[in-house]
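The following exercises concern helix packing and the nonpolar core of a predicted model. Each task is followed by a worked solution.

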Amino acid sequence: MPGYFWNSPYRACGGCTCQKYPSIEVCHSIAPLVANDSQIVGAATDFNVPKANCIDRAMTKPRLTPLAEILPATVPFVGPEAAERQRGRAFDARLGANESVFGPSPRAIAAMEAAAGDVWMYADPESHELRAALAQHLGISMHEVVVGEGIDSLLGYLVRLFITQGDAVVTSDGAYPTFNYHVVGYGGTLTAVPFRDDKEDPEALLKAASEKNAKLIYLANPDNPMASHHPAAVIDDMIARLPAECLLVLDEAYFEFAPHDTAPAIDTSNAQVVRMRTFSKAYGMAGGRVGYAFGHRDNIRAFEKVRNHFGMNRIAQIGALAALADQDYLEKIKQDATASRDRIAAIARENGLEPLPSATNFVTIDCGQDGAFAKAVLEELVARGIFVRMPFAEPGNRCIRVSCGRKPDLDKLAKILPKALKAALAR
Ligand SMILES: Cc1ncc(COP(=O)(O)O)c(C=O)c1O
């Protein structure tokens, strides 16, 4: 029977009569392998452990890494499904996760339906077809693009590639939290600079990156949760002034909804920038989990060291391929999103609230008071079946965030918001 021993100072297990090593949970039969409370001696070779009544407990105490031991068990976002379980019924309008309620292209749906019967096959681990199509779409080589299980996974891979314990990373206070989640998960040290005028602040990001000798800067353009954006010229200027050896992670999840001059021209010769886009937003495939990163081929090749080569969903990739080919549908979605943004803004104004300008598929609405009031508005909306979210950091947390919806969704919002506001004000 293989031997097991621990190098962490657990208490002796209750079932063991051996008190020789009281601060270590270890069966007496393997205790001689342990030199002291915190060091392993000897290899985990096979040796006999008698059937003492403590063996099972000793063997069921696997050791997390020291980092994992101290990490909080958390999810960057609690899903609407959790709230639905709690309230015992589905939301009437799902307007909180910046999904595209308009759904994917009918051509993507048809392609996925046709592919369903082949789901017994693993997907091509190189995602050759999708990468080739994306490369053509972007006007780059397919060696300069990698696909992943949404931007969220690609952020994780990227952080794993660049960040180890103690490395400095710079982001904005209140920016997309999944990035932070990965940085913390790999032991990086985050510095978060404030938003300026409800926008991420390139100057502050650059300054902090220099001061901290940061390896990564994260910037979403357009940004979530404030829906703001910078024109391409600002981003280009920022790229030109990046500290040496610092990489800009440019998250363009909402790129398709933004004004034409938002995204800088693609320049894959610059190894200091990795850009990420997704099929979750404008292409309406959030549940498919397909995102992509593009940039200098050395950086893109590095993903091969850590990515999950069979992680991509076969059916979703086929859907993404068809969605990408249907740019007419994408144009229609952009128009639908614009109309929806206008309607959300109008509903906000009808209720005396101020919608912020949006370059995304959601509208961030200033509730005119502090974070506690915005939270109350959100809770009253949620209690009445309207799922929305809100920024979590000051001063953005004076707002709620409403994703674009279809007419029936927004009719419900229009009906419920006055009641929610009244209830929030009465608290
Ligand atoms: C800024 C930003 N980046 C990335 C994502 C996640 O993208 P994906 O679904 O591709 O993981 C989101 C989703 O809300 C987002 O707001």
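**Exercise 1.** Identify the residues through which helix 4 and helix 11 meet, and classify the orientation of the pair.

*Solution.* Begin with the contacts: Arg107, Ala108, Ala111, Met112 and Ala115 in helix 4 face Arg314, Ile315, Ile318, Gly319, Ala322 and Ala323 in helix 11. Next, take the geometry: helix 4 spans residues 106-115 and helix 11 residues 314-325, and their axes lie 8 Å apart at an angle of about 150°. Angles over 145 degrees count as roughly antiparallel; helix 4 and helix 11 are therefore roughly antiparallel. Finally, the crossing of helix 4 past helix 11 is right-handed.

**Exercise 2.** Carry out the analysis for helix 12 and helix 14.

*Solution.* Helix 12 (residues 327-350) and helix 14 (residues 407-425) have axes that come within 10 Å and cross at roughly 10°. The cut-off for roughly parallel is an angle under 35 degrees, so helix 12 is roughly parallel to helix 14. On the side of helix 12, the meeting residues are Ser340, Arg343, Ile344 and Ile347; helix 14 contributes Leu410, Leu413, Ala414 and Leu417.

**Exercise 3.** Locate the largest nonpolar core relative to the domains, and list the contacts of valine 249.

*Solution.* The core comprises 100 residues, and those with the most contacts inside it are Ile217, Val249, Ala320, Val377, Ile400 and Val402. Residues come from both domain 2 (80-100 + 328-425) and domain 3 (106-327), so the core lies between these domains. Turning to valine 249, and setting aside its neighbours within four places in sequence, the contacts are Leu158, Leu216, Ile217, Tyr218 and Val274.

Note on methods: Residues numbered from 1 in each chain as written. Predicted model: local features only at pLDDT ≥ 70, side-chain atom pairs only at ≥ 80, totals over all residues. Core = buried A, V, L, I, M, F, W, Y, C linked by C-beta atoms within 7 Å. Buried ≥ 20, exposed ≤ 12 C-beta atoms within 10 Å, placed from the backbone. Domains from an automatic or database assignment. Contact = placed C-beta atoms within 7 Å. Axes fitted to C-alpha atoms, helices over the stretch in contact; angles between N-to-C directions. Helix = DSSP H or I, 4+ residues; strand = E, 2+ residues; numbered from the N terminus. Parallel < 35°, antiparallel > 145°, perpendicular 65-115°, else oblique. Left-handed = near helix turned anticlockwise from the far one by under 90°.
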